[in-house]
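Here is a short guided tour to read alongside the model. Please keep the viewer open as you go.

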Protein chains: 2
Amino acid sequence: MKRHQVTIIDIAKELNLSKSTVSRALTGHKSVKPETRQAVLELAEKLDYQRNMLAISLITKKTNTIGIIVPEFKSSYFPTAIIGAQEVASKAGYTTVICQSDERYETEVANTRVMLANQVDGVLVSITKETLNYDHLKIFQRKGIPIVFFNRVCDEMEVPKVIVDDYDGAYRAVNYLIESGRKRIAHLAGPFSLKISEKRINGYKAALRKHNVPYDEELLISYDLNIEKVKIYVTHLLNLDNPPDAIFAVNDPTAIEAIQVIRKRGLRVPEDIAVVGFSNDFVSGLIDPPLTTVSQPVREIGRTAAQLLIDQINREVADWKTIIKVLKTELVIRKSS
Amino acid sequence: MKRHQVTIIDIAKELNLSKSTVSRALTGHKSVKPETRQAVLELAEKLDYQRNMLAISLITKKTNTIGIIVPEFKSSYFPTAIIGAQEVASKAGYTTVICQSDERYETEVANTRVMLANQVDGVLVSITKETLNYDHLKIFQRKGIPIVFFNRVCDEMEVPKVIVDDYDGAYRAVNYLIESGRKRIAHLAGPFSLKISEKRINGYKAALRKHNVPYDEELLISYDLNIEKVKIYVTHLLNLDNPPDAIFAVNDPTAIEAIQVIRKRGLRVPEDIAVVGFSNDFVSGLIDPPLTTVSQPVREIGRTAAQLLIDQINREVADWKTIIKVLKTELVIRKSS
DNA sequence: CTGTTAGCGCGTTCAT
DNA sequence: ATGAACGCGCTAACAG
């Protein structure tokens, strides 16, 4: 556990120079004699010297680190978004610290503490389905640390957000179902605590309205995204006196699980019931039947969010923007509908 | 960009105490008068005070951070392993810094620098398919920073490793294919640079040998895991004068892609050609036909690796162990074979 | 129980 | 072109 770190002092001694000179040589200051710099650089290389970012950050008050807090890693959504964010961040010289909150509010709060303690320069956040109180996130604002939401956003905070047009995506999905002859379309929705659920519900309702399909409360089920419960809800829907002939699911895992349940009941997809998902997860094209779904530019969402965050970091607090970027979705029609 | 951080001094002044007392109160030292501690804690809470881990780490030379370097995020494998690792790490009070190297050697080297500069207490590594030189990883050892490999390990470094019994998994998969009547079994293998490829190839060959099935060079194709190339190789195999009646793929994405190619040629899986994968990715049970595959305890791998790493961190360098944990695989038989 | 002093490794003045 | 001195926020001796 006792390790010796190579420091500037070590190489200063070795070369009979002052620490400041070595420091300057290392940081690429011009006012250093070329041969001195050369010698320093060589020795540093030879000794595997690495600048201690902790010390530097302590002085500069900048860690060149951005934090990313996401609710889960189960679907391909967040890993993909993170890749996008990292692309932009690392190009701009930022390291990323990733925390996943496991869809639990308490964990999310703990994660924010970690971020704060590690002095991140900014955070990218997608909240859990449990998050109703935002005090832990507002701390960032108060401390002058920019925050950008993506996907699961917090409405009561005026900060940049990156979302997709959930309303429009849902609208188009349901519209398509109706136009292909479906009469009773159920919606397995997400929890009301998430804005995305609400918007998708609104899109769903709007599409029904447009075609004068009466909205039937019985066919709208909002649930907590705990995938195990899908079975209960789908079974319930199938047992209705007047069961649906289509299900629009709030996301792909829900849709996929719904298909399994439907098939176990001996019904066919899409002949008996059409199923449409949301997000176009990596798996969706591979399952049987391939899933019709609303595709989101996930990687682009990550990239955009990271870019907005870095822009904020480079701005004075007074100049912070509250842009909301709304990216487009696209309906991908496959065999499940 | 100019933010004011709340420091111990701020709260010391406010309370007319010395910094050390405040510090002690904050760190839960016993030798502090209860009411003093109470006052400190309350004010800290009120001011959103967060201990500056940078400063603490600088002194204690411990960041309570472990780095994780993985090659990719495309399949569910690494995200799942990371969740396992985080479970253990966070329980032990460690934050994780995750870097993905995008299967590129250069990126991996850059990532190690990031880890070093940020003074991680230890690293978990799974190398890229390009990594042939390990100097960048040996630096950790030289600096006394423990390293633990998982999945994609480095043979020439004597450090803890967590792997599965690749040889055995491959052996059982191929054995099963032969016993279910397949005569010509091809193997779409990974690059030779990865130990896991080699071991799976050996398992493949051993199973053939056991059943006196002659090994045919033509049926063994090692490729770089660039999924786009699967089409070429599978097409090639199908065009052979004596084409295979089964394909054992080095991983699930390869197997899944192979199935798509086979079907596009108008052949049936498993009737014409059986396909078996490796890893049991999340998708594998959902695709059509559900994939027979060798399942790995991925999350457990992550947990084990993290635990080994933390053990190393808590040991003196001289006491470092070089345990190699070999976890068991399991053949999951589904419809593709 | 509390205060004082000395650094951790480094960038940054201000000198020379 | 280089050195000396100071301080980032904090913990860890050492004193009472």
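## DNA strand C

A polar side-chain atom of Arg51(A) lies 3.1 Å from a phosphate oxygen of DNA strand C, a polar contact being a pair of N or O atoms within 3.5 Å (within protein, one must be able to donate a hydrogen and the other to accept it, and residues adjacent in sequence count only if both atoms are side-chain atoms). This is a predicted model, in which local features need pLDDT of at least 70 and side-chain atom pairs count only at pLDDT 80 or more, while totals for chains, interfaces and linings use all residues. Residues are numbered from 1 along each chain as its sequence is written, chains are lettered from A and ligands numbered from 1 in the order in which they are written, and side-chain values use heavy atoms, with hydrogens and water left out.

Backbone atoms also face phosphate oxygens of this strand: an N or O atom of the Ile8(A) backbone sits 2.7 Å from one, and for Asn52(A) the corresponding distance is 3.5 Å. In total, 24 residues surround DNA strand C, and Ser23(A), Tyr49(A), Ser20(B), Arg24(B) and Lys61(B) come nearest; a residue is near a strand if one of its heavy atoms lies within 4 Å of it. Of the strand C atoms within 4 Å of the protein, 56% belong to sugar or phosphate and the rest to bases.

Which elements build this surface? Helices H2 (19–26) and H4 (53–60) of chain A, together with H2 (19–26) and H4 (53–60) of chain B, each supply at least two residues. Helices (H or I, at least four residues) and strands (E, at least two) are DSSP runs numbered from the N terminus. By class, the surface has 9 nonpolar, 10 polar and 5 charged residues, where Ala, Val, Leu, Ile, Met, Phe, Trp, Tyr, Cys and Pro count as nonpolar, Asp, Glu, Lys and Arg as charged, and the others, Gly among them, as polar.

## DNA strand D

Now turn to the other strand. DNA strand D is surrounded by 25 residues, the closest being Ser18(A), Lys61(A), Ile8(B), Ser23(B) and Tyr49(B). Sugar and phosphate make up 66% of the strand D atoms that come within 4 Å of the protein. The surface here has 9 nonpolar, 11 polar and 5 charged residues.

A base nitrogen of DNA strand D is 3.1 Å from a polar side-chain atom of Ser20(A). Phosphate oxygens of the strand take part too, one lying 3.0 Å from a polar backbone atom of Lys33(A) and one 3.2 Å from a side-chain N or O atom of Thr36(A). H2 and H4 of chain A and H2 and H4 of chain B give two or more residues to this surface.

## A buried aspartate

Asp281(B) sits in the loop between strands E9 (274–279) and E10 (292–295) of chain B. Is this residue buried or exposed? Asp281(B) is buried (under 20% relative accessible area, against over 50% for exposed and partly exposed in between; 1.4 Å probe, protein chains only). Even so, Asp281(B) has no salt bridge, and the nearest side chain of opposite charge, Arg200(B), is 9.3 Å away. A salt bridge is a side-chain nitrogen of Lys or Arg within 4 Å of a carboxyl oxygen of Asp or Glu.

## Backbone details

Two cis peptide bonds deserve a look: Val269(A) to Pro270(A), with omega near 10°, and Asp288(A) to Pro289(A), with omega about -10°.

Methods: Lys and Arg count as positive and Asp and Glu as negative; His and the chain ends are not counted.
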